[in-house]
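User: Please take a close look at a single helix in this structure and explain how its residues are divided between the inside and the outside.

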Amino acid sequence: MTDAPLPVTNADIEVAAQRLAGMVGRTPVLTSRTLDERLGASLFLKAEHLQRVGAFKIRGAVNALTAIDRSVRARGAVAFSSGNHAQAVACACRIMGVPATIVMPTDAPPVKLAATRAYGAEVVTYDRYTDDRAAIAREIATHRGATLIPPFDHADVIAGQGTAARELFADVPDLDLLVVPVGGGGLLAGSAVAAVAAAPGIRIIGFEPGGRRAARDAVEQGRVVEVAVPRTVLDGQQTTHIGHLALPILQAHVSSIVGVDDDVVLQTVRTLAVRMKQVVEPSGACGLAAILDGRIDVARRRVGVLLSGGNIAPDVLADALTHRDDLAW
């Protein structure tokens, strides 16, 4: 690690917050007395599954689009995503009157494909196990003169995502621990910058699918590591690597990254739906899943948990609701 300045600062997140005003919702912070009593802790769940488009991704999409010169923006935007970033860019483009083309895997949850098209975007599909989605998107952007907005490896996207944690700390300023999912690292990196600015001594933990070590290996080795596409129900975290911009931020501010198994996540999705009446997608529930599974010690701590999204396919939700619930409380 070097002493080079980090690619995203808290000042960038403050600018993003100004850009997002009136375009992105301020999501509530949920609590549960029963959950707190079971864990011996105080949990504060930032409900980004209730955000516009059903996920935090709208924050980064709006910030990135707003930062582009209007004349350039008018030529269109291109994005690649398994779902939530796709919907976010499509929605942001509709708000601003910008043509949108989204590259999505053929096996993306149908609910996410349908929602992206419903926002007016053109959807181009690919095979996530054989095709290079970034290359497809770059070719389309170059051919059309459009701007490519990647899902996580972009400073304005990271800054936009950081506004979720900024809001959480404004509502609950004295947190001891922050729990955040990590796919490409944009949310975790932005959240870490905002968290350290608000609470310099805070501990930050990221969570990725148990069968994917893209984030853990990258932080341990100090370089971006490419892994095979993970086969996991956590479809929002099926990226094969984390971003180059996120890596130094994670190394500087994140205490650890933990793998979470699908089975535990499905149990947590069920618990959230049955006990708290909240529909959260697997990737959005993975941090809470690790807590409920005892993977991290939260006793006597005030813990912020980012529930990052709620765009769950009906069949996955049905599977979760009928899942054996060892985590019942």
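Analyst: In this predicted model, the exposed residues of helix α14 include Pro314 and Asp315, which lie on the other side of the helix from its buried residues. Helix α14 spans residues 314–321, and its buried residues are Val316, Leu317 and Ala320. These three cover an arc of only 100 degrees around the axis, and they are therefore on the same side of α14. A general point of helix geometry is useful here: an α-helix has 3.6 residues a turn, so residues three or four places apart point the same way.

As for what lies over that buried side, the cover of the buried residues of α14 includes α12 (262–275) and α13 (282–292), where contact is taken as heavy atoms within 4.5 Å. Of these partners, α13 deserves a closer description, because 11 of its 11 residues are buried, so that this helix is largely enclosed by the rest of the structure. The threshold behind that statement is a relative accessible area under 20%. The buried residues of α13 include Pro282, Ser283 and Gly284, and the list also takes in Ala285, Cys286, Gly287 and Leu288, followed by Ala289, Ala290, Ile291 and Leu292. Just after α13, Gly294 adopts a positive phi of about 75 degrees.

Taken together, α14 carries Val316, Leu317 and Ala320 as buried residues, with α12 and α13 among the elements that cover them, while Pro314 and Asp315 are exposed on the other side.

Definitions and conventions:
Residues numbered from 1 in each chain as written. Predicted model: local features only at pLDDT ≥ 70, side-chain atom pairs only at ≥ 80, totals over all residues. Heavy atoms only, no water. Buried < 20%, exposed > 50% of the residue type's maximum accessible area, 1.4 Å probe, protein only. Helix = DSSP H or I, 4+ residues; strand = E, 2+ residues; numbered from the N terminus. Arc of directions from axis to C-beta.
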